[in-house]
Amino acid sequence: MLPKCDVIVINTPLTDKTRGLFDKNRIAKLKKGVLIVNNARGAIMDTQAVADACSSGHIAGYSGDVWFPQPAPKDHPWRYMPNHAMTPHISGTTIDAQLRYAAGVKDMLERHFKGEDFPEQNYIVKEGQLASQYR
């Protein structure tokens with residue numbers, strides 16, 4: 001099916017079987033000029049293989065809001081490849097996500113005013129360093 005598709009939209013969870021699913025070999029099977037929209041996870045794609053295929057024109061366009069790694073470093077190849085439409089990951093703007101954020105902020109403020117420690121998983125930065133779960 002891959003050689004016949006003009007557009008491929010990826011909406012699959014990241015598992016051991018899907019990690020690196022779109023590698024150099026699979027991308028080579030895609031129709032020349034294909035457009036890819038990755039709504040799933042960046043690690044489903046082989047980062048360099050996508051960048052190379054966009055540079056050669058095999059992939060006519062690649063878009064998504066998921067990077068690997070995430071957050072993407074400044075020198076990430078997808079930032080500089082041609083014909084990309086990468087955007088920030090904004091799934092947190094749903095009403096459900098906002099309710100979770102509000103509950104989390106309330107919990108952290110209550111802990112702060114009681115003099116309690118924050119749960120480790122709630123830190124993004126601690127003591128001037130990126131928290132261990134993000135390194």
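How many bridges pair strand β2 (residues 34-38) with β3, and in which sense, parallel or antiparallel? Select both strands in this predicted model: β2 and β3 pair over five bridges, in the parallel sense. For one point of register, pick L35, which stands opposite G61 in β3.

**The sheet**

Now widen the selection to the whole sheet. It is open and has four strands in the order β1-β2-β3-β4, with parallel pairing. The edges are held by β1 (7-10) and β4 (84-86); each has a single partner strand, so one side of each is left without a neighbour in the sheet. From one strand to the next, the twist averages 10°. In general, strands of a sheet pair through backbone hydrogen bonds, and a backbone-only display is enough for this stop.

Go next to the edge strand β1. It runs parallel to β2, and four bridges join the two. Two residues of β1 can be followed across: the bridge partner of V9 in β2 is V37, and that of I10 is N38.

**Two faces**

Turn on the side chains of these two strands. In β1, I8 and I10 make up the covered face, while V7 and V9 make up the uncovered one. In β2, the covered face consists of V34, I36 and N38, and the uncovered face of L35 and V37. Compare this with the bridges just visited: I10, on the covered face of β1, is partnered with N38, which is on the covered face of β2. V9, on the uncovered face of β1, is partnered with V37, on the uncovered face of β2.

**The nonpolar core**

Keep I36 selected and add M45, Y62 and W78. The largest nonpolar core has 23 residues, and these four touch the most other members. Which elements give two or more residues to this core? They are β1, β2, α2 (47-56) and β3. Select α2 to see the element that gives the most, with five residues.

**The aromatic cluster**

From the core, keep Y62 and W78 and add W67. The structure holds two aromatic pairs, and ring pairs link Y62, W67 and W78 into a cluster.

Start with Y62 and W78. Their pair is tilted, at 5.0 Å centre to centre and with 50° between the planes. Y62 lies in strand β3 (residues 59-64) and W78 in helix α3 (residues 77-80), so this pair ties together parts that are 16 residues apart in sequence. Are the two residues buried or exposed? Y62 and W78 are both buried.

Then move to W67 and W78. This pair is tilted as well, at 6.2 Å centre to centre and with 40° between the planes. W67 lies in the loop between β3 and α3, so its pair with W78 in helix α3 ties together parts that are 11 residues apart in sequence. Both of these tryptophans are buried.

Before leaving W67, add the side chain of R79. The charged end of R79 sits over the ring of W67, 5.1 Å from its centre.

**The whole chain**

Finally, zoom out and colour by domain. The protein is divided into domain 1 (2-86) and domain 2 (95-134). How many Å separate the centres of the two domains, taken over C-alpha atoms? The separation of domain 1 and domain 2 on that basis is 33 Å.

Note on methods: Residues are numbered from 1 along each chain as its sequence is written. This is a predicted model: local features need pLDDT of at least 70, side-chain atom pairs count only at pLDDT 80 or more; totals for chains, interfaces and linings use all residues. Side-chain values use heavy atoms; hydrogens and water are left out. Rings of Phe, Tyr and Trp (its six-membered ring) pair if their centres lie within 6.5 Å; planes under 30 degrees apart count as stacked, over 60 as edge-to-face and the rest as tilted. Buried means under 20% relative accessible area, exposed over 50%, partly exposed in between (1.4 Å probe, protein chains only). A charge sits over a ring if NZ of Lys or CZ of Arg is within 6 Å of the ring centre and within 35 degrees of the ring normal. Domain bounds come from an automatic or database domain assignment. Two strands pair if DSSP finds at least two bridges between them. Axes are lines fitted to C-alpha atoms, for helices over the stretch in contact, and angles run from 0 to 180 degrees between N-to-C directions. A nonpolar core is a set of buried Ala, Val, Leu, Ile, Met, Phe, Trp, Tyr and Cys residues joined through side-chain atoms within 4.5 Å.
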